Amino acid sequence: MNRRLLHIILPLATAVLFLVGWHTAVKMSGSDIFPTPYEVLRGLGELARQGLLLKYIVASLFRVSWGFGLAVIVGVPLGLVLGWFRPAYAALNPFIQILRPISPIAWIPVAILWFGVKDTAPVFLIFLASVFPITVSAMAAVQNMQQVYLRAAQNFGLSGFPLFRRVIFPAALPQVITGIRIALGVAWLVVVAAEMIAVNSGLGYLIIDARNAGKRYDLVVAGMVMIGLIGLVLDLLVRRLEKFDEVRWGYGQR
Amino acid sequence: MDNADMEKTITVRDCWMSFPGKQSGSEIHVLERVSLDVAKGEFVCIVGPSGCGKSTLLNIVGGFLKETRGEVLVEGAPVDGPDPGRIFVFQENGVFPWLTVEQNIGFGLLSRPVAEREERVKHYIAMVGLAGFEKSYPRELSGGMRQRVEIARALAADARVLYMDEPFGALDFLTRLKMRADLIRIWQAEKKTILFVTHDIEEAVQLADRVLVMTKRPATIAEEVRITVPRPRDLDSPDYLAARDRIFAIMGMDAHGGGAV
Ligand SMILES: Nc1ncnc2c1ncn2[C@@H]1O[C@H](COP(=O)(O)OP(=O)(O)O)[C@@H](O)[C@H]1O
Ligand SMILES: [Mg+2]
């Protein structure tokens, strides 16, 4: 009870302090370009009334859903297979390790060349950004699986797909979910970056557009605030996956 | 079965085992010249100092490790991997943490009809004293309770042969005594063949028809001691104490603690 309260009161206090500090700093500097918190709130209200806020949020989430969803569909099975079959690992891992450190931002010109200035380009970038953390964590999950689970399963006569479904997959799942969580964070980072270049809707576009069309820094910051809030909500949603009984054992004592 | 060889469930002939050492090219010799037999329906315990290679030997017999040299026959055929008819109870707990207690215990029974499966699961949950914990997950149980889940899972699978690697190590004293009695009861009722590893000499003498005493590494079987004390065993009987002291002596200790190791 007390701890609960603490976890509500302390962050709230931090937020209030931050907002007050922000407000005072803007006032003291006399800036008429950088907005106060209140102006940002007004900007959000304006966007909402114009129907742009919802439209841009939906546009960004739509791209993330596609890119990230494809990354899960490709990355989880790929990672599990790479973790299980040594030849597949030997053949593909060096390749993955070379592609992985290339920032998705570096792919933007290539994405535009291949897909043009359409939704496909940011979806491709999000896919690229999130598929590697998912693949690598699923791969590591299988490789680091406790040998005793495998031995017990083999002892009960499991092999092939049943072994995979009943033991390897559940044993790997906690770490797979952690990879998915990291990847969703990356995906959200990348959609915003991609929208600054390749498209004309979404929260990333809002930021660039607000700056270019009349230095509306209240809208720029409003876009930033929305990105942060939605990122938080996405992370909270994925964290709920970690609460299921089937995977909770994998996260130590919390 | 009139042919003496037919009765042998487990035969290990001149088994050697070494692992690759830390430096490349070096080897750790763990087992040397190990030979043993276990007859069908027999309860055999292997005792030895910790680190001597008991788990290694049992894992070879169980089909999880391949001996470097030698011959291992189980139920008339060379061992080639594990077998659902011979269930292993692992020293490091092998209960699946993503399944509940009852799902774990029923793990080896999925090919059985639902009613029979439920029946068996219930029976063995009660036997190991976990009634009320059917829907619990392993992380919610103590180490000793998890060990009992694994034992119940092995028993429920209705194997002909059980390999048990220090299965009662994590249990408290009273539970350990009860589990030993239960195991003997099941063994007598279901005529299983049991190869049981322990570092606890008393445990070996309480359980086994025969105790095989291993030496320090590189280990071989120093001697075998047949335990003729009738069951249920009187732990104060002269025969029991004599067998126990004999094994202590083989392992280079006296029964009252101390002595050269
Ligand atoms: N996979 C392995 N690689 C290298 N050394 C091992 C391996 N498994 C066991 N050993 C070594 O073999 C010896 C016997 O181990 P083990 O069979 O677990 O002993 P026990 O069960 O009698 O305590 C130990 O010294 C251990 O370090
Ligand atoms: Mg051991």
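Q: How many salt bridges does the count between chain A and chain B give?
A: Just 1 salt bridge turns up between chain A and chain B. Keep in mind that this is a predicted model.

Q: What makes A:Asp245 and B:Arg139 a salt bridge?
A: Their closest N and O atoms are 2.6 Å apart. The cut-off is within 4 Å, so the pair counts as a salt bridge.

Q: How much area is buried between chain A and chain B, and what share do carbon and sulfur atoms give?
A: About 2000 Å² is buried between the two chains, and carbon and sulfur atoms give 66% of that. On the chain A side, A:Arg151, A:Asn155 and A:Phe156 lose the most area to chain B, together 37% of what that side buries. As for who takes part, the contact draws 18 residues from chain A and 24 residues from chain B.

Q: Why quote an area for an interface?
A: The accessible area lost when the parts come together is often used to give the size of an interface.

Q: What makes A:Arg63 and A:Glu195 a link between parts that are far along the sequence from each other?
A: A search of the whole structure finds 29 salt bridges over all chains. In one, A:Arg63 pairs with A:Glu195, with the closest N and O atoms 2.5 Å apart. A:Arg63 sits in helix H3 of chain A and A:Glu195 in helix H8 (residues 160–195), so the pair ties together parts that are 132 residues apart in sequence. Both A:Arg63 and A:Glu195 are buried.

Q: Why is A:Asp235 called partly exposed?
A: A:Asp235 has a relative accessible area of 26%. Buried means under 20% and exposed means over 50%, so A:Asp235 falls in between. A:Asp235 also forms a salt bridge with A:Arg181, the closest N and O atoms being 3.1 Å apart. A:Asp235 lies in helix H10 (residues 217–241) and A:Arg181 in helix H8 of chain A, so this pair ties together parts 54 residues apart in sequence.

Q: B:Glu202 and B:Arg244 form a salt bridge, but which counts as buried and which as partly exposed?
A: B:Arg244, with a relative accessible area of 13%, is buried, whereas B:Glu202, at 28%, counts as partly exposed. The closest N and O atoms of the pair are 3.0 Å apart. B:Glu202 is in helix H6 (residues 201–207) and B:Arg244 in helix H7 (residues 238–250) of chain B, 42 residues apart.

Q: How do you know that B:Arg148 has no salt bridge?
A: The nearest side chain of opposite charge, B:Asp172, is 5.5 Å away. A salt bridge has to be within 4 Å, so B:Arg148 misses out. B:Arg148 is buried all the same, in helix H4 (residues 143–156) of chain B. Setting aside residues up to four places away in sequence, B:Arg148 touches B:Val128, B:Gly129, B:Leu130, B:Leu171, B:Thr175 and B:Met179.

Q: What makes the nonpolar surface patch of about 740 Å²?
A: That patch is made by A:Phe62, A:Trp66, A:Leu70, A:Ile73, A:Val74, A:Leu78, A:Leu92 and A:Phe95. Helix H3 (52–84) and helix H4 (86–99) of chain A each give two or more of its residues. The largest share, 6 residues, comes from H3(A).

Conventions. Residues are numbered from 1 along each chain as its sequence is written. Chains are lettered from A and ligands numbered from 1 in the order in which they are written. This is a predicted model: local features need pLDDT of at least 70, side-chain atom pairs count only at pLDDT 80 or more; totals for chains, interfaces and linings use all residues. Side-chain values use heavy atoms; hydrogens and water are left out. Helices (H or I, at least four residues) and strands (E, at least two) are DSSP runs, numbered from the N terminus. Buried means under 20% relative accessible area, exposed over 50%, partly exposed in between (1.4 Å probe, protein chains only). Lys and Arg count as positive and Asp and Glu as negative; His and the chain ends are not counted. Contact means heavy atoms within 4.5 Å. Patches are made of residues with over 30% relative accessible area and no salt bridge: like charges are joined within 9 Å, nonpolar side chains (Val, Leu, Ile, Met, Phe, Trp, Tyr) within 5 Å. Accessible areas come from the Shrake-Rupley method with a 1.4 Å probe; for residues, only the protein chains shown count as cover. Buried area is the accessible area (1.4 Å probe) that two parts lose on being put together, summed over both.
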